[in-house]
Amino acid sequence: MKQYLEQAISLAEMVEGQTGVNPPVGAVIVKEGRIIGMGAHLKKGDKHAEIQAIDMAGQDNVKGATIYVSLEPCSHYGATPPCAARIIETGIQKVVYAARDITLPATGHDMMVEKGIDVYYEPHPRAEQLYAPFFTSKTASLPIVTVKVSASLDGKQATDHDESQWITSKAVKTDVFKLRHMHDAIVTGNGTLTADNPSLTVRTADGRHPARVILTRSGNINWDATLFHDHLAPVYVYTDNTALVSPLEHVNIVQLPNTETETVLHDLYNKGFGRVLIEAGPKLTSQFLASEFISTFILYLAPKIIGGQGKYQYFQTEGVTPLDQLNHFEIVHSEMIDTDMKLLMKRK
């Protein structure tokens, strides 16, 4: 029934951002009109949602039951065995799922049908929205990228005299901590590290600290910066300076032929970072906003007008792009946070 499928999707939405390069999935098992098991894929390498739900219900209780899943049960061997095979073994009679996994050559759907299970694909818009970035990410071997900006009404991240604390309210800071929790890594530039000395942590109860990633071409790093010494999460310094060496054993230096957007993103994905948040100054922010790799743009707007010459205008380009060639975003959510406006946009 529809409500059980929506519950499975809700479970998946709750763990979005926790599963690395794997998709968030939720599952609900129903027998004789009662929910007997629920599960979600909690983290990369852990049991998948279907297995969690089966374990909760109990192997002896699921025979003849129906399992509702947000995403088509997998048919391949990865860190864990195929969920479709486990469903077949249990005697579950019916499977209903909300989104097809278009990244796999062989489908769990067909595997289960061949074994006599009733399998139904019931497309759901919430599931399609949830998994669209994952499908793109897996196909391209690139993480899902969110750019976050806090700015004045005239688009400034700081005054021309470098004053930036604080343009937006304390309530926005709390919301940003939640946003960080949903990502595997935060990317910033060496300029932001030098100017702001950010910690880039979540600072909330039970929060998960993402890895911190610093991009630098010069390699002129301030090794006294806070994030190098708090030991709260891994730190990676990406550079094309082959002479750069870290004086700190726990800081990872990643030397690449270049630190262009795509090169860095591919390497982060290969390291298991499925969701990346960009929190940076205008130079790096502009680099990502102008790229084809951004999935989500979150803009916090304070009701202030800073003026000046726009030294810290958050989006700056050397050239002028024709209007019909611009990156186009769709506002999918807006809300007031204290006195500030939050706009959540998806790239079209």
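Two residues are in contact here when heavy atoms of each lie within 4.5 Å. Keep that cut-off in mind for the stops below. The model is predicted.

**Whole chain**

Show the full chain as a cartoon. The protein has 9 helices and 14 strands. The C-alpha trace spans about 70 × 45 × 40 Å along its principal axes. The radius of gyration is 22 Å, which agrees with the value near 20 Å that a compact globule of 348 residues would have.

Switch on the surface. About 16800 Å² is exposed, and carbon and sulfur atoms supply 51% of that area. Of the 348 residues, 52% are buried. Among contacts with a separation of 6 or more, 68% join residues 24 or more positions apart.

**Ala65**

Select Ala65. This residue sits in the loop between α2 (49-57) and β3 (66-69). Is Ala65 buried or exposed? Its relative accessible area is 0%, and buried means under 20%, so Ala65 counts as buried.

Now show the residues that Ala65 touches. Leaving aside residues up to four places away in sequence, they are Ile29, Val30, Lys31, Ile92, Gln93 and Lys94. For a view across the model, add Asn22: Ala65 and Asn22 are 43 residues apart in sequence, and their C-alpha atoms are 27 Å apart in space.

**Largest pocket**

Move to the largest pocket, which holds about 1100 Å³ of space. Select Thr192, Asp196, Glu279, Ala280 and Gly281; of the 40 lining residues, these are the closest to the pocket's centre. Then colour β6 (144-152), α6 (170-181), β7 (185-189), α7 (190-196) and α9 (282-289), each of which supplies at least two residues of the lining. Coloured by class, the lining shows 15 nonpolar, 16 polar and 9 charged residues.

**Second largest pocket**

The second largest pocket contains about 460 Å³ of space. Which residues lie nearest its centre? Select Glu16, Met182, Thr296, Leu344 and Lys346, which hold that place among the 21 residues of the lining. Two or more lining residues come from each of α5 (125-140), β6, β12 (294-302), β13 (329-337) and β14 (340-347). Highlight α5 here, since this helix gives the largest share of the lining, 4 residues. By class, the lining of the second largest pocket has 8 nonpolar, 6 polar and 7 charged residues.

To finish, select β6 again: this strand supplies at least two residues to the lining of the largest pocket and two or more to that of the second largest.

Notes: Residues are numbered from 1 along each chain as its sequence is written. This is a predicted model: local features need pLDDT of at least 70, side-chain atom pairs count only at pLDDT 80 or more; totals for chains, interfaces and linings use all residues. Side-chain values use heavy atoms; hydrogens and water are left out. Buried means under 20% relative accessible area, exposed over 50%, partly exposed in between (1.4 Å probe, protein chains only). On a 1 Å grid over the protein atoms alone, a cavity is a set of points where a 1.4 Å probe fits but cannot get out, and a pocket is an open set with protein on both sides within 12 Å along at least five of seven lines; lining residues have an atom within 4 Å of a point. Grid points are joined across faces, edges and corners, and a volume is the space filled by probe spheres set on the points. Ala, Val, Leu, Ile, Met, Phe, Trp, Tyr, Cys and Pro count as nonpolar, Asp, Glu, Lys and Arg as charged, and the others, Gly among them, as polar. The radius of gyration is taken over C-alpha atoms; the globule rule is 2.2 Å times the number of residues to the power 0.38. Accessible areas come from the Shrake-Rupley method with a 1.4 Å probe; for residues, only the protein chains shown count as cover.
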